[in-house]
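The following note sets out numbered points for a colleague reading this model. Please consult the sequence and coordinates alongside each point.

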Amino acid sequence: MARIDRAEVERIAELARLELAPDEAERMAAELAAILGYVEQLDELDTDGIEPTFHALPLATPFRDDRAEPPLAPERALANAPDREGFAFVVPKVLDEDES
Amino acid sequence: MAAETALQLADALAAGRASAGELVETALARAEAARPLGAFVHLRADGARADAAASDARRARGASLGPLDGIPVAIKDLMVHEGEPCTCASRILEGFVAPYPGTAVARLQAAGAVIVGRTNMDEFAMGSSNEHSVYGPARNPWDPARTPGGSSGGSAAAVAAGVVPIAFGSDTGGSIRQPASLCGVVGLKPTYGRVSRYGLVAFASSLDQIGPFARTAADCALALEAVAGHDPADSTSLPEPAPRLRDALCGDVSGLVIGLPREFFAADGVEPAVLEHVREAIAELERAGAKTREVTLPHARYAIATYYLIATAEASSNLARYDGVRFGRRAEARTLGDMYRRTRSEGFGPEVKRRILLGTYVLSAGYYDAYYRKAMKVRTLLRRDYEQALSGCDLIAGPTTPELAFRLGEKTEDPLRMYLSDIYTVSANLAGIPGLSVPCGFSDGLPVGLQLLGRPLDEATLLRVADTYQRRSDWHTRAPDPATWTGADR
C-alpha cells in the first residue's frame, strides 16, 4: 500500500500548495514511505463494524442565542495584511495562473 | 536550591515580603541569565513591568485578584495574546501581532498573572525535541547539549531553569508531558475540552489542549484553575465549570487503585533506568496507602501509527490558512497560485511540510478509507481500552517517555524515530483523557518522569496523587546548575 515515490510526493505537494526542490521531494518520498510502512501495522486490526471516533468525548453541538455580537473591527482584521487597499486584502492577479 | 513556587511567591506577596515589581525584575534577570538555553523567543519586559505595577497597586488598595495576582508566568508562542507577537516558531508568522485576546491568556490576566514572555517550541507544535524552531533549539537546563523535549520545550526549560514558577504549553500528543519529564518539572495535559482552544493556534483540533508546567503539582492546580472552564468561543470546550483543584490536594492516596498497564512496563523499547525509577515511585505511592493492579491496553502499540495519521490529516487542513493573503509572511509572485506556493514553501520548515504532505496524502482520494478512516476506528479501540482499564482503577501510572533527554541532533535525521518518543503519551490525546508527568528521579543527572493518566475530567485525582508523591520525595527541590548554561548556544 505504501508505495510513494517522488512523482507521488510532487502530486500531493501541489494539492497542498507546496513547492519542493527535486532533492527535497526525493528525501520526503523516502521519509514518507518509511512512515507509511510503519502505519501499515494498523492493517493487522479487524475494524469492521467499529465506529470511527471523530472527537474523543461526546459533545452535542452547542447552540447560542441568535443575537448579534460585535465582530472583529475591520481595522484590526486588516492590521496584519501583507498588502491592503482600504478595507480589502490585495493579492496578485488570479487569471493567468495557468500560464505561469 | 530550586526557585520559589508560585504558592510560595503568593504567600510572600500577601505578607508584603515581596512585590510584583520585584518578582518581574527577578524573572527578567533570570531569563537573561538563562538566555543560552533559548527558552524564550520574546520577552515582554515593558508590558510585564506595567502589569506588575498594576498588580502592586491593586494589592495596595486591598483589591488583589487572588494567589496568581503578581505571579510571573510564561506562555508558549502559539497562545494568542492580544497586541503581542505570535509566531508558532515559524517563519510564516513572522511579524504577526495578535488582533484579539485568546481565552487562556485573557483568563490568566484576569487572575492577575504577569505574562513575562513567549516560549520556544517546535514549529506549529510539531516535534518532540524543540529542534524544529525557526529561532533554533531550546536546550535542557540539566544538560544544554540535550533536548528539553518538545514541542513545549521552552516552557519546560523556563520552569526548570527557575525563570518563572508557571509556564503554559499545549499538548497534542505529549507536548507538555514529554518535555516536563525530560526537564524534571510537573506538566499537566487536561481533559480534552477542559481549557478553551480559542486563541490556541490549531495543530490537530481534535487532540490539542492547553495545560500548565510548574515545579509542583500544587502550582499546576492553581494554574489550571485559572484557565479551565467553559468558553462560548470554543464549541468543543466542555460545559463543566472550572474545578476547585487545590481542595483535592489532601496528601492522602490511601484506598486509591493505580492501574499499571502491562504494555507500559514491557522491557522492550524503554531504558531500564526509566523503568526502575518509575517502579520505585509507584512503590512509594503504595507505601502511602495506594493499591496497584495490572491492567491492559491491548491497542497501545498502535497508538503512534493512529496518532500520526489523525494528527497530520488535521494539521494539513488547519495549516491551509497560511497562504500569505491575510496575515503573516507573503512571498512576492506574479500570480495568486505562485504566491500561495512560494509563501508556504518558504514559510514552513521541513517537519511541518512533511506532516502537511503526509496529512494531504492520507486524506486524498483513494487513501482516505485505508488510512484516515482506519485510524479513526483504531482510535475507538484505544478509547475503549482506556474506558475498560479505568473502570477497574482510579488512575493509570507508567513512564512518561521511554528514554532520558536525548542529545540535540540525535534524531533529527530520522523522523519516525523521533515520533516514537511519544509512545506513552499520544494515546491520552486520542482518548481525550487527562495526563500528568511528575519528576520521579534522576539517572546520570537527567530527570525521569512518572506519568499519571486519569478518567475524563478527573484532573483532581492526578494532581492529588502527584502532590502526595511530591510531599514524600524531593526531586522537585533540585535545581540545575546555571554555570553549565554559559556559552551553550555557541
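1. B:Phe40 stands opposite B:Thr119 in E3(B). Three bridges join E1(B) to strand E3 (residues 114-119) of chain B, and the two run antiparallel. Strands (E, at least two residues) and helices (H or I, at least four) are DSSP runs numbered from the N terminus, and two strands pair if DSSP finds at least two bridges between them.

2. This is a predicted model, in which local features need pLDDT of at least 70 and side-chain atom pairs count only at pLDDT 80 or more, while totals for chains, interfaces and linings use all residues. Residues are numbered from 1 along each chain as its sequence is written, and chains are lettered from A and ligands numbered from 1 in the order in which they are written.

3. In chain B, an open sheet of 11 strands with mixed pairing follows the order E1-E3-E2-E4-E6-E5-E10-E11-E9-E7-E8. Strand E1 (40-43) and strand E8 (291-295) of chain B stand at the edges with a single partner strand each, so one side of each has no neighbour in the sheet. From one strand to the next, the twist averages 30 degrees.

4. Helix H5 (residues 153-160) of chain B packs on this sheet, touching E1, E2, E3, E4, E5 and E6 of chain B. The direction of H5(B) makes about 165 degrees with that of E4(B); axes are lines fitted to C-alpha atoms, for helices over the stretch in contact, and angles run from 0 to 180 degrees between N-to-C directions.

5. The largest nonpolar core has 171 residues, and those with the most contacts inside it are B:Val73 and B:Val186. Such a core is a set of buried Ala, Val, Leu, Ile, Met, Phe, Trp, Tyr and Cys residues joined through C-beta atoms within 7 Å; buried means that 20 or more other C-beta atoms, placed from the backbone, lie within 10 Å of the residue's own. Helix H9 (residues 303-318) of chain B gives the largest share of this core, 10 residues.

6. In H1(A), A:Val9, A:Ile12 and A:Ala13 are buried. Seen down the axis of H1(A), its buried residues fall within an arc of 110 degrees (taken from the directions from the helix axis to the C-beta atoms), so they line one face of the helix. Just after H1(A), A:Arg17 takes a positive phi of about 55 degrees.

7. At the interface, 47 residues of chain A are in contact (C-beta atoms, placed from the backbone, within 7 Å) with 60 residues of chain B. H2(A) supplies the largest share of the chain A side, seven residues.

How values were computed: Contact = placed C-beta atoms within 7 Å. Buried ≥ 20, exposed ≤ 12 C-beta atoms within 10 Å, placed from the backbone.
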